[in-house]
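Visitor: I have a few questions about this fold. Can we go through them in turn?

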Amino acid sequence: MRHLQLLSLVFCWYVLPAQVIFPGDLNNDGRANYLDLLPLGLAYGRTGPPRPEASLAWFAQPAIPWSFQLPVSGVNFAFIDADGSGVVDSLDIAAIPFNYDSVQTTAFPPPQPYLLPQVLPVPVRPHLRYRFEPPVAGPGTEVRLVVDYIVPPGFPPTAQPLAIAFKMRINPTMISEGVPIAVLPNTINPNLMFVAATPTSAQFWRSPQPGVIEFAASGKGMPQLGQSIEPLMEALIIIEDMILPLQDAVEFEDTVLIDIFEQRIEMDVVGVRSPDEVTLAGIKIFPNPACDVLYVETKVVAFLALELYSIEGLLLHSQAYPPGSLFPFQVSGFPAGAYLLRLRTPAGAATQKVILR
Ligand SMILES: [Ca+2]
């Protein structure tokens with residue numbers, strides 16, 4: 001009997017081309033990272049031959065090919081069974097943070113970029129919506145970067161979003177290097193899995209560059225992203241220097257939403273200002289730096305009040321104005337340095353950093 005088992009193992013090795021995998025690089029693109037959650041969601045629950053002498057450590061490991069592969073990328077499921085147990089399940093996630101950002105070039109078949117060229121057009125697109133809370137804050141303050149996943153009405157139920165992955169790049173002048181960024185996925189739905197990495201949290205190997213947050217969420221083989229998730233995740237960030245508005249301090253990259261057939265679904269990313277935040281377009285604040293008087297010039301706002309805040313957010317001086325187009329604001333007597341000028345208008349408020357000297 002034992003001979004028979006051995007013989008069948010040898011037979012497999014001969015008949016199917018042997019594979020060499022790296023645990024954590026589930027999509028075999030040469031790197032263990034957030035994108036590796038997507039194959040896990042696609043293959044979740046499938047079974048196949050366990051990997052002989054499997055380890056989570058980052059070295060080339062021979063594997064018996066499974067008889068399943070991903071529909072678009074063609075990745076064999078033996079790569080997705082990261083812990084080699086013979087079952088694709090949530091335990092396979094561990095290999096991703098354990099080997100985060102490790103790179104390899106010697107898998108077999110050789111690693112390929114994880115490109116999903118097929119994009120499924122949809123009449124209304126799901127989108128990621130992000131905002132900062134509070135929308136304005138001084139140095140040393142913790143702000144929340146909240147990301148919602150929105151599926152608008154009219155989204156076709158035939159498109160079945162399974163998993164999403166994206167990278168957020170925060171303006172490096174806004175944050176101190178080495179200060180931890182906490183990422184809190186919304187775990188209210190037990191059928192979702194997450195991978196989140198920041199420069200200080202995926203510390204087993206290497207990690208994302210300073211200011212980069214990498215994030216992925218996936219259903220366990222079932223399309224769990226057919227409805228909105230608010231929030232999808234939050235990041236807690238201690239800011240070092242202000243960027244105004246905070247919305248401009250983050251960029252999204254490599255956003256991928258896939259369905260259960262490994263096709264990409266069209267989607268968007270939108271930033272929202274707080275409900276009362278207005279744009280400074282059409283409003284001129286000068287001179288900046290200023291000595292004695294700051295002027296606010298506008299043709300679009302009929303009435304406003306101006307407030308001067310310390311960089312820590314303390315109100316120092318305020319003045320209301322009758323309708324006009326040029327509003328002088330006395331700033332003499334304040335020590336030289338950076339301040340926040342808050343403009344209040346009938347349409348909402350806006351904040352500008354100003355320098356006094
Ligand atoms: Ca990978």
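Guide: Two strands pair if DSSP finds at least two bridges between them. Strands (E, at least two residues) and helices (H or I, at least four) are DSSP runs, numbered from the N terminus. This is a predicted model: local features need pLDDT of at least 70, side-chain atom pairs count only at pLDDT 80 or more, and totals for chains, interfaces and linings use all residues. Residues are numbered from 1 along each chain as its sequence is written.

Visitor: Over how many bridges do β14 and β15 pair?
Guide: β15 covers residues 293–298. Its pairing with β14 is antiparallel. Lysine 284 stands opposite glutamate 297 in β15. The pairing runs over 4 bridges.

Visitor: What is the strand order of the open sheet of 3 strands?
Guide: β15 also pairs with β18 in the antiparallel sense, over 5 bridges. There, tyrosine 295 stands opposite proline 328 in β18. The open sheet has antiparallel pairing and the order β14-β15-β18.

Visitor: Why is one side of β14 and of β18 left without a neighbour in the sheet?
Guide: β14 spans 283–286 and β18 spans 326–330. One side of each is without a neighbour because both stand at the edges, each with a single partner strand.

Visitor: Which residues form the covered face of β18?
Guide: In a regular strand the side chains alternate between the two faces of the sheet. In β18, Leu326, Pro328 and Gln330 make up the uncovered face. The covered face holds Phe327 and Phe329.

Visitor: Which strand gives the most to the largest nonpolar core?
Guide: A nonpolar core is a set of buried Ala, Val, Leu, Ile, Met, Phe, Trp, Tyr and Cys residues joined through C-beta atoms within 7 Å. Buried means 20 or more other C-beta atoms within 10 Å of the residue's own; 12 or fewer is exposed, in between is partly exposed, and C-beta atoms are placed from the backbone. The largest core has 69 residues, and Leu37 and Ala163 are among those touching the most other members. The top contributor, with 7 residues (161–170 is its span), is β6.

Visitor: Where does this core lie?
Guide: Domain bounds come from an automatic or database domain assignment. Both domain 1 (2–98) and domain 2 (119–271) give residues to the core, so it lies between them.

Visitor: How many residues are in the second, separate core?
Guide: Val296, Leu306, Leu340 and Val354 are included in it. Its count is 17 residues.
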